[in-house]
Amino acid sequence: MTPGESTEALEARRDRLWAAVCPILHAPVGGGVAPAGDLSAADLRDLFHRLGPALEDLELYPESAYFHDTLLGRTPGGQRVLARLEVDALAQVERDRADLLQELPYGMVRGWFPVQVQGRLVHCLVSGRLRRPGVRRKELEALAHEAGLPPDELEDVFARIPSQTEKQIERTFGLLRALRDTVQTALEERARAQRLSAQLGQAEKTGSLGTLSAGLAHHFNNLLSVILGYSSLLLNHEDLSEKAAQALRKIAESAQRGRRATEELLAFSEVAEEREIACRIHDHLRSVLAMLAPRQGGAVPLTLRLEAARDRMLARPSAVHRLVLAVLTYGLEAAAEDGAMVLASGLVESEGEEALRLTLSGEGPLPGPGGEAFDELVGLAGALGGSAVLAAPDGEPARVEISLPLAAATAEPRATQEVAALGPRQVQASTVWVVDDNPNVCEFCAQGLEELGHHPRAVPDGEQLMALCERGDGAPDLFLLDFSLPDYNGRELVEWLRDRGIEAPIVLTSGLMPNTPDIHAALQARKVLFLQKPFTLRELGDLIDMALGDTLLD
């Protein structure tokens, strides 16, 4: 306490301390009281009042209340004494955040029991002023002098306050501690409920956003299919002028960039029950860094040195994507402060198995544990079965090391090997039913298939497909089937065709990712392949050749 501090200054400081130590009751409503973690000031007040008004006034004896609030409080000197005692106690509680047994200078004791929620002071239970046996006459005379009161009157009122033994006082304080613990637990549980409710709401919002993103990406990929498809179809003509061919190549390149953008959008959507697939970390790093480049004005102060001979891990693509995005964002933000950064990859030994090590390093310091960005890396890497640590070798700048488990080394799928071995081959004319509700996609596929030497037939929806099959209207050699039709999805149509013994190969096309649960399930059926929209004429032709090659699918 500042020597010579006026009564007004003491009372102002006392009020500020009460607002800091006990915002539930002493801070003004709407006065900018900071919330306690997940609880707002209004939440705290509401819950606190539900616990009972007795928590606001714990003075056990009316004689004590009269002695302090009425007798001492009626004179300026007495007001100063009371304010000074409260300021001393409140300052210690705010500093130490621990229980305080305050010895009052005239033989009384007062207990202060702070309530904390998520590490923040939200209230303080304060016991009544409890009197010990006996009267300390000299101390009361000094108090009467300072308060400007007659000593006999002060002593007479003090003597009427019931006294308690040390054991009784400790029992009273024990009850108040238990009450404080109960209040604190109730507030913590309320905060936890609020947090879980907020997380659930955020999860629902994220799920809705993911569904919306996936739908938008699918429709955008349909548009890109037409652009990329027709440009590749025209580029297949040999009589094009160089100027026209150059313009078409630029159109195709722009469509390919759009395809990569929708892949990034789909990676964020993370549909429910997303399955683990083999993900190449290097590919994710390159594509996400390319996506972030425009934010850096085209000049990216982060260099990739991807030298690991293996980079494939078994994981959910969206989880990998989030980790990669967090790593690159962390690196770019560090580069903005300390200059260029380098992200290198290599292989290390971890618990007897080979693991992928990503090392992010630069010339300056890196944000470490306790920082939101680094803690996010630790959490995302841990969710993938890996780890993230901040390493600081002697004499070297700190670096972030992220270790990730690798998928078991396996040979490439047999179909891919055989297609590569086949090379150019003579195409045998086949009947292909193009089942797609988008007429532009149907038209492009029909024209492209004709150029490839096939006989296409457009079917606008699943119902007409079923009707044609029921009539036995010239069964096709292959179905080119859009997964997202307005009446049936691809999984339902694949099951319907196979249940009726129709064994023609099926190429599913979609703007959605192949790890979408229903698409993944449909691909488990025999002779079902997948073609990601948008696709070029070359990609369409190669996959149809593979689907029609019996040696590849039997």
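These legends walk you through several close-up views of one predicted model. Because it is a prediction, local features need pLDDT of at least 70 and side-chain atom pairs count only at pLDDT 80 or more, while totals for chains, interfaces and linings use all residues. Residues are numbered from 1 along each chain as its sequence is written, and side-chain values use heavy atoms, with hydrogens and water left out.

**View 1. The parallel sheet, an open sheet of five strands.** Reading across, the order is E13-E12-E14-E15-E16, with parallel pairing. Helices (H or I, at least four residues) and strands (E, at least two) are DSSP runs, numbered from the N terminus, and two strands pair if DSSP finds at least two bridges between them. Strand E13 (455-459) and E16 stand at the edges with a single partner strand each, so one side of each has no neighbour in the sheet. On average, neighbouring strands here are turned by 20 degrees against each other, direction ignored. Those angles come from axes, lines fitted to C-alpha atoms (for helices over the stretch in contact), and run from 0 to 180 degrees between N-to-C directions. Now look at strand E12 (residues 431-435): E12 and E13 pair in the parallel sense over five bridges. Val-435 stands opposite Val-459 in E13.

**View 2. Helix H16 lying across the parallel sheet's strands E14, E15 and E16.** H16 runs at about 170 degrees to E15. Contact here means heavy atoms within 4.5 Å. On H16 itself (residues 490-499), Glu-495 and Arg-491 are four residues apart, about one helical turn. These two form a salt bridge, with the closest N and O atoms 3.3 Å apart. A salt bridge is a side-chain nitrogen of Lys or Arg within 4 Å of a carboxyl oxygen of Asp or Glu. Glu-495 is partly exposed at 41% relative accessibility, and Arg-491 is partly exposed too, at 31%. For the cut-offs, buried means under 20% relative accessible area, exposed over 50%, and partly exposed in between (1.4 Å probe, protein chains only).

**View 3. Two salt bridges between parts that are apart in sequence.** Side chains of opposite charge can pair when their charged atoms come close. Asp-482 forms a salt bridge with Lys-533, the closest N and O atoms being 3.2 Å apart. Asp-482 sits in strand E14 (residues 478-482) and Lys-533 in the loop between strand E16 (528-532) and helix H18 (537-548), so the pair ties together parts 51 residues apart in sequence. Both Asp-482 and Lys-533 are buried. Next, Arg-526 forms a salt bridge with Glu-503, with the closest N and O atoms 3.9 Å apart. Arg-526 is in the loop between helix H17 (517-522) and E16, and Glu-503 in the loop between H16 and strand E15 (506-510), so this pair ties together parts 23 residues apart in sequence. Arg-526 is partly exposed at 43%, and Glu-503 is partly exposed at 34%. By this rule, the count comes to 23 salt bridges.

**View 4. Glu-86, a buried residue without a salt bridge.** You'll find Glu-86 in helix H5 (residues 76-96). The nearest side chain of opposite charge, Arg-14, is 4.3 Å away; Lys and Arg count as positive and Asp and Glu as negative, with His and the chain ends not counted. Leaving out residues up to four places away in sequence, Glu-86 touches Arg-14, Trp-18 and Arg-110.

**View 5. Two of the four aromatic pairs found in the whole structure.** Rings of Phe, Tyr and Trp (its six-membered ring) pair if their centres lie within 6.5 Å; planes under 30 degrees apart count as stacked, over 60 as edge-to-face and the rest as tilted. Trp-433 and Phe-479 have ring centres 5.7 Å apart and planes at 85 degrees, so that pair is edge-to-face. Trp-433 belongs to strand E12 and Phe-479 to strand E14, 46 residues apart. Trp-433 is buried at 1% relative accessible area, and Phe-479 is buried at 1% as well. For Phe-444 and Phe-535, the centres are 5.9 Å apart and the planes at 35 degrees, so the pair is tilted. Phe-444 is in helix H14 (residues 439-451) and Phe-535 in the loop between E16 and H18, 91 residues apart. Both Phe-444 and Phe-535 are buried.
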